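This report goes through one protein chain, from its surface to its interior. The sequence and coordinates come first.

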Amino acid sequence: PLFNWTRVGRIDPTEKLELTFALRQQNVDQLEHLLLLVSDPESAQYGKHLTLEEVAALVRPSQLTQKVVRHWLQSHGVTDCQTILTQDFLQCTMNTQVAEALLPGIEFHRYVRDGISLVRSSSAYHVHEDVLQHLDFVGGVHRFPPKGQDLNEVLTKRRLSGAKFHLGNTPATLRSRYNLTAADVGSAQNNSQAVAQFLEQFYHPADLAEFMTLFGRSFQHLSKIDRVVGVQGAGKAGLEASLDVEYIMSTGANIPTWVFTNPGDSGAGCRHSTKGENSFRPSFPASSPYVTTVGGTSFKNPFKVTYEVTDYISGGGFSNVFKMPDYQVGAVEGYLKAVPVLPPKTYFNTSGRAYPDIAALSDNYWVVTDRVPIPWVSGTSASTPVVGGILSLINDQRFLKGLPSLGFLNPRLYQLQGQGLFDVTDGCHLSCLDEQVQGQGFCAALSWDPVTGWGTPNYPALLAALVLEK
């Protein structure tokens, strides 16, 4: 989808472009097998995580693949390329004319939105069959960044909705709801956490410092990012970037944080068909079986720290690409059998990876951006760093006991079957506005559901469940 980007015309053939070439990896099935072994508490390999160098040695593209792809690029005069340790990505700079000769079928145009310019092609490309078997995809051609939250939109929507003003969610509110005390902060020497910014937004150090001054007085915390990997952009801070950094660092408090320069907030989503045969549209990477996906909740009573209900924007559903992983089959089948009313089977893939896995509060957050405290910020981009921070605290306690980090959480999370979590059983999320489903997607239920997963964290109970014996 174009996400409101407007095409303004073809670009000059001499204009420089940066494309990313994903080389075919080796031993992917073996890598998946090892991932599940080190993530399963019942396995003798549990917690014995591979180093980056060991992963690189396993999946690195074959010498033939590297040779074929580099020769193909060089034959078109493309020599300005950077790679990474695993050697499965090449990031190359070339002019537009060369790129269009390299990938027949594409035509690069300039697109604009909110004063930002982007170069993309709306047409498909082809790759020579000799190269095709050595290449997974080419990045920087088709994908458009979705629109992040805009400050004016946040304020305008809330005014138009007629919603009553309340104090909103702050670190104190979240720490109270999830039973974090002032003593629940990081202290292990070898712990760290990270935020990845995928929307080309940037945080400002001054905003983080101001946020902690306003909202971090009741617990020990850090007010500076430990390390930024990549280049921080200039200009105004991004609302979602500020939100991510401020809330992972106030939940996973006093833990060094890196920034690398998140489920969608669209409920079940909707894929509209011209024939009127709509279906839900799962989001990515939320629907990947290799990530722990976080849904969203709201307080039942927005004026009090009470129990939680579904936030109607909470992303969730079933993947049309990834099959359901073994670790969640029992939980998902239980939901599908127990819930009396489900959307029509034509709307979703019952054999696909189901998400989310867990949830947290996702609406009415206070965020500091461009040195101004802003209320009413919402989205699973809020709940995700909160869960991330809580898991960082649990890793902290594991390190203090000489245990390895949790690593990939999902197999163990599903084995817990809701232990250490507040089950969310009320509310439904959004979907297609049509006659059949009338805007309603899936609904929360007892145990796991595709709106709030297993529920929201109860820190002391979750800590006990994830630090005991292993």
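Ile84 is partly exposed because its relative accessible area is 45%, which falls between the limits of 20% for buried and 50% for exposed residues. The model is a predicted one. Ile84 sits in the loop that joins β3 (80-83) to β4 (89-95). Together with Phe89 and Phe137, Ile84 makes a nonpolar surface patch of about 260 Å².

Two other residues serve as buried counterparts. Thr65 has a relative accessible area of 6% and is therefore buried. Its place is in helix α3, which covers residues 63-75. Leaving out residues up to four places away in sequence, Thr65 touches Leu23, Arg24 and His134.

Ile255 is buried as well, with a relative accessible area of 1%. This residue belongs to the loop between α9 (239-251) and β10 (257-260). Outside the neighbours within four places in sequence, the contacts of Ile255 are Gly186, Asn191, Ser192, Gln193, Leu222, Ser392, Leu393 and Asp396. For one of these, Gln193, the C-alpha atom is separated from that of Ile255 by 6.9 Å, although the two residues are 62 residues apart along the chain.

The values for the three residues are set out below.

| Residue | Relative accessible area | State |
|---|---|---|
| Ile84 | 45% | partly exposed |
| Thr65 | 6% | buried |
| Ile255 | 1% | buried |

Next comes the nonpolar interior. Which residues have the most contacts inside the largest nonpolar core? They are Tyr247, Tyr365, Val386, Ile394 and Trp448, in a core of 66 residues. Helix α11 (residues 380-400) contributes the most to this core, giving 7 residues. Apart from this core lies another one of 24 residues, including Ile11, Phe21, Leu23 and Val78. Leu23 is also one of the residues touched by Thr65.

Tyr365 gives a closer view of the largest core. With residues up to four places away in sequence not counted, Tyr365 touches Asn169, Leu174, Leu243, Tyr247, Ile374, Pro375, Trp376, Val377, Ala382, Ser383 and Val386. Among these contacts, Tyr247 and Val386 are themselves listed with the most contacts inside the core.

Some totals describe the chain as a whole. Its secondary structure consists of 13 helices and 21 strands. Of the 470 residues in the protein chain, 49% are buried. The accessible surface comes to about 22,600 Å², and carbon and sulfur atoms account for 54% of it.

Technical notes:
Residues numbered from 1 in each chain as written. Predicted model: local features only at pLDDT ≥ 70, side-chain atom pairs only at ≥ 80, totals over all residues. Heavy atoms only, no water. Patch = residues over 30% accessible without salt bridge, like charges linked within 9 Å, V, L, I, M, F, W, Y side chains within 5 Å. Areas by Shrake-Rupley, 256 points an atom, 1.4 Å probe, with all protein chains shown as cover. Salt bridge = Lys/Arg side-chain N within 4 Å of Asp/Glu carboxyl O. Helix = DSSP H or I, 4+ residues; strand = E, 2+ residues; numbered from the N terminus. Buried < 20%, exposed > 50% of the residue type's maximum accessible area, 1.4 Å probe, protein only. Core = buried A, V, L, I, M, F, W, Y, C linked by side-chain atoms within 4.5 Å. Contact = heavy atoms within 4.5 Å.
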